[in-house]
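Work through these exercises with the sequence and the model open side by side. Try each task before reading its solution.

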Amino acid sequence: MPYEHILVAVDLTEECDPVIKRARELAGPSNAKVSLVHIVEPMAMAFGGDVPMDLSQLQQQQFDQAKERMDRLFNKYPEINRGDSHLTYGQPRQEIHQLAKDQHCDLIVVGSHGRHGLALLLGSTANDVLHGAPCDVLAVRLQKKAD
Ligand code: AMP
């Protein structure tokens, strides 16, 4: 069965290009819908929830910057379904799974750095998204950057 709705999780770095391109290739033959999702993690969450300062302005800047980057991707890849794409606050695994369920996606595509050893123990989003996913998950192997 060809995929009908592919959800691409993007971290909005230059590394999301190979991930989107792979999703487009898969969508091509069946003309599947391709949507994007980016999750902005609340700063308080990143700092462990115990920060003695107001982070709301910084948080808003982070969100605005993410929106700008999403818009750039929509311009670059006009075939992406803007209406079903999402930019939201939260925890990536939880939000990506919920969105995939709500939008009846049959494939989630994420990038993977192929970490191993200690780096793997620290966790990766691809790994996290795979566990308990409501549909198939494709991890697109990302090239290691030359130092
Ligand atoms: P990481 O494990 O954080 O290096 O990210 C690997 C992949 O997970 C990225 O290529 C994206 O597909 C996805 N990803 C990471 N962070 C986010 C995020 N904040 N929102 C959506 N997808 C993300």
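**Exercise 1. How are D71 and K67 placed relative to each other in helix α3?**

Solution. This is a predicted model.

Step 1. Find both residues in helix α3; they are four residues apart.

Step 2. Translate that spacing into helix geometry. D71 and K67 are separated by about one helical turn, because they are four residues apart in the helix.

Step 3. Check the side chains. Those of D71 and K67 meet in a salt bridge, at 3.4 Å from N to O.

Step 4. Grade the exposure. The range for partly exposed runs between 20% and 50% relative accessible area. D71 has 24%, so D71 is partly exposed. K67 has 43%, so K67 is also partly exposed.

Step 5. Look for shared partners. Salt bridges join K67, D71 and R82 into one network.

**Exercise 2. Which parts of the chain does the pair D84 and K33 link?**

Solution.

Step 1. Confirm the pair. D84 forms a salt bridge with K33, and the closest N and O atoms are 2.7 Å apart.

Step 2. Place each partner. D84 sits in the loop between α3 and β3 (86-89), while K33 belongs to strand β2.

Step 3. Judge the spacing. The two are 51 residues apart, and the pair links distant parts of the chain.

Step 4. Is D84 buried or exposed? Buried means under 20% relative accessible area. D84 has 17%, so D84 counts as buried. K33 has 34%, so K33 counts as partly exposed.

**Exercise 3. Which helices hold D128 and R93?**

Solution.

Step 1. Locate the partners. D128 lies in helix α6 and R93 in helix α4.

Step 2. Test the distance. A salt bridge needs N and O within 4 Å. The closest N and O atoms of D128 and R93 are 4.0 Å apart, and the pair forms a salt bridge.

Step 3. Read the consequence. The two residues lie in separate helices, so the pair ties together parts that are 35 residues apart in sequence.

Step 4. Grade the exposure. D128, at 32%, counts as partly exposed. R93 is partly exposed too, at 31%.

Step 5. Set the pair in context. The count of salt bridges comes to eight.

**Exercise 4. What does R24 touch, leaving out residues up to four places away in sequence?**

Solution.

Step 1. Place R24 in helix α1. With a relative accessible area of 33%, R24 is partly exposed.

Step 2. List the contacts. R24 touches Y77 and E79.

Step 3. Inspect the polar one. The side chains of R24 and E79 make a polar contact at 2.2 Å.

Step 4. Compare sequence and space for V34. R24 and V34 are ten residues apart in sequence, and their C-alpha atoms are 7.2 Å apart.

**Exercise 5. What lines the largest pocket, and what lines the second largest?**

Solution.

Step 1. Take the largest pocket. About 630 Å³ of space lies in it. The lining has 30 residues, and V10, D11, H38, P92 and T125 lie nearest the centre.

Step 2. Assign elements. Those giving two or more residues to this lining include α1 (16-27), α4 (92-102) and α6 (125-130).

Step 3. Sort by class. The lining of the largest pocket has 14 nonpolar, ten polar and six charged residues.

Step 4. Turn to the second largest pocket, with about 170 Å³ of space. Among its lining residues are L12, E14, D17, R69, R72 and K76. Helix α3 gives the most, with four residues.

Step 5. Sort again. The second largest pocket is lined by three nonpolar, one polar and five charged residues.

Key. Residues numbered from 1 in each chain as written. Predicted model: local features only at pLDDT ≥ 70, side-chain atom pairs only at ≥ 80, totals over all residues. Heavy atoms only, no water. 1 Å grid on protein atoms, 1.4 Å probe; cavity = no way out; pocket = protein on both sides within 12 Å on 5 of 7 lines; lining within 4 Å. Points joined across faces, edges and corners; volume = space filled by probe spheres on them. Nonpolar A, V, L, I, M, F, W, Y, C, P; charged D, E, K, R; others polar. Salt bridge = Lys/Arg side-chain N within 4 Å of Asp/Glu carboxyl O. Buried < 20%, exposed > 50% of the residue type's maximum accessible area, 1.4 Å probe, protein only. Contact = heavy atoms within 4.5 Å. Polar contact = N/O pair within 3.5 Å; in protein donor to acceptor, adjacent residues only side chain to side chain.
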